[in-house]
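These are my notes on the model, set out as numbered points. Please read them with the structure open.

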Amino acid sequence: MPELPEVETTRRGIAPHVIGRTIRDAVIRNRRLRWPITHGLATRLRGRQVQAVERRGKYLLLRCDCGTLILHLGMSGSLRLVDAAAAVGKHDHFDLLFDTGMALRLTDPRRFGAVLWTADEPAQHPLLRDLGPEPLTAEFDGAYLFARSRGRKTAIKQFIMDGKVVVGVGNIYANEALFRVGIHPARAAGRLSHERCQRLAAAIEEVLREAIAQGGTTLRDFVGGDGKPGYFAQRLRVYDRAGEPCPVCGTAIKQLRQGQRSTYYCPHCQR
DNA sequence: ACGAAGCCCTGCAAGC
DNA sequence: TGCTTGCAGGGCTTCG
């Protein structure tokens, strides 16, 4: 569910409510997420003050006074600020209770998400250490994409979804970015010209920025930290539109599978 | 090193 | 009305 824009929307939604606040307690109702929530976590968190809420790829980082809480929303996770006394749902696995009487609640039906603690610099954590550049920074551009893709036979769509190449580009936005620049999703990454790499890097940045500005994409029931839905879904041009006419040329949008993920593209516009 | 596939898990829609 | 099947926004891990 959450791609980079949704995680960023969540970060912006929760940051003003938790920065400077003290964690009174942590409630773990189901520790079986992607990796089990460690037993000592609540003890570690009690009394900690949140100093910053950052994002690295799709990981959210709650920097505290003596360590960092690393959160990932997986495929179906969401974070909401609720009243600490709010009714608890079936998939509300984890709460951070603050001195304000509010709780930061992690809901994640599929439990692909994660809640981890690190006392060290989070960038050195094994899960974050090998991640590629952020797509919305100067580090990521056409020259980088070109250089990284040389010699790679992987389909360009899977290439840009690889977190070691660039973080935060999930299935929806990979599809949308490739459509915008007319690149066929199955084209070998290493065969893209420098020119096309530049356009693609720009399109990835553009689609992510637009989605963030719209508050993310709402599919099923995604909501940002402030509880408001995102509005980018109505702007999607090919994602989940198999059989519908291409908004540019009218040709029926096609669907194929790449690495167990659905790909949508216009067979006329994308080469 | 790369590349493809498997797997973690629940919910929902479609088909019979 | 039920059942079964396949698919869903991610990404680590394993195997060749």
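1. Arg29 counts as partly exposed, with a relative accessibility of 36%. In this predicted model, the side chain of Arg29 meets that of Asp95 in a salt bridge, with an N to O distance of 2.6 Å. Arg29 sits in the loop between β1 (23–28) and α2 (41–45), while Asp95 belongs to strand β6 (residues 92–98), so the pair ties together parts that are 66 residues apart in sequence.

2. Asp95 itself is the buried partner, at 1% relative accessibility. Which residues does Asp95 contact, leaving aside its neighbours within four places in sequence? They are Asp25, Ala26, Val27, Arg29, Ala103, Leu104 and Arg105. The link between the side chains of Asp95 and Arg29 also qualifies as a polar contact, at 2.6 Å.

3. A search of the whole structure turns up 17 salt bridges. As background, side chains of opposite charge can pair when their charged atoms come close. One of the bridges joins the side chains of Arg12 and Glu8, at 2.8 Å from N to O. Both residues are in helix α1 (residues 4–18), and because they are 4 residues apart there, about one helical turn separates them. Glu8 is buried, at 6% relative accessibility, whereas Arg12 is partly exposed, at 49%.

4. Helix α7 holds another such pair: Arg209 forms a salt bridge with Glu205, and their closest N and O atoms are 3.2 Å apart. Here too the two residues are 4 residues apart in the helix, so they are separated by about one helical turn. Glu205 is partly exposed, with a relative accessible area of 27%, and Arg209 is partly exposed as well, with 44%. Elsewhere, salt bridges that share partners make one network out of Glu8, Arg11, Arg12, Arg55, Arg56 and Glu134.

5. Next, the nonpolar interior. In soluble globular proteins, nonpolar side chains tend to be buried together. The largest nonpolar core in this model has 35 residues, and the members that touch the most other members are Leu145, Ile156, Ile160, Leu200 and Ile204. Two or more residues of this core come from each of α4 (142–149), α5 (156–160), α6 (171–181) and α7 (194–213). The largest share, 8 residues, is given by α7.

6. Ile204 is worth selecting in the viewer. Apart from its neighbours within four places in sequence, Ile204 is in contact with Pro135, Phe140, Ile160, Val169 and Ala177. There is also a second, separate core of 28 residues; Ile23, Leu71, Leu79 and Trp117 are among them.

7. Which residues surround DNA strand B? The set is Lys90, His91, Pro109, Arg110, Arg111, Phe112, Arg152, Lys153, Thr154 and Gln260. By class, this surface has 5 charged, 3 polar and 2 nonpolar residues. Of the atoms of DNA strand B that come within 4 Å of the protein, 62% are accounted for by sugar and phosphate.

8. Several side chains place a polar atom by a phosphate oxygen of DNA strand B. For His91, the distance from a polar side-chain atom to a phosphate oxygen of the strand is 2.6 Å. For Thr154, the corresponding distance is 2.7 Å, and for Lys90 it is 3.1 Å. These pairs deserve a look in the viewer.

9. Gln260, one of the residues around DNA strand B, should also be checked for its backbone. Its phi is near 60°, a positive value in a residue other than glycine. Gln260 lies in the loop between β9 and β10 (261–265). Is Gln260 buried or exposed? Gln260 is exposed, with a relative accessible area of 68%.

10. Asp240 calls for the backbone check too. Phi of Asp240 is near 60°, again positive in a residue other than glycine. Asp240 is found in the loop between α7 and β9 (254–258). At 51% relative accessibility, Asp240 counts as exposed, the cut-off for that class being over 50%.

Conventions
Residues are numbered from 1 along each chain as its sequence is written. Chains are lettered from A and ligands numbered from 1 in the order in which they are written. This is a predicted model: local features need pLDDT of at least 70, side-chain atom pairs count only at pLDDT 80 or more; totals for chains, interfaces and linings use all residues. Side-chain values use heavy atoms; hydrogens and water are left out. A nonpolar core is a set of buried Ala, Val, Leu, Ile, Met, Phe, Trp, Tyr and Cys residues joined through side-chain atoms within 4.5 Å. Buried means under 20% relative accessible area, exposed over 50%, partly exposed in between (1.4 Å probe, protein chains only). Contact means heavy atoms within 4.5 Å. A residue is near a molecule or strand if one of its heavy atoms lies within 4 Å of it. A polar contact is a pair of N or O atoms within 3.5 Å; within protein, one must be able to donate a hydrogen and the other to accept it, and residues adjacent in sequence count only if both atoms are side-chain atoms. Ala, Val, Leu, Ile, Met, Phe, Trp, Tyr, Cys and Pro count as nonpolar, Asp, Glu, Lys and Arg as charged, and the others, Gly among them, as polar. A salt bridge is a side-chain nitrogen of Lys or Arg within 4 Å of a carboxyl oxygen of Asp or Glu.
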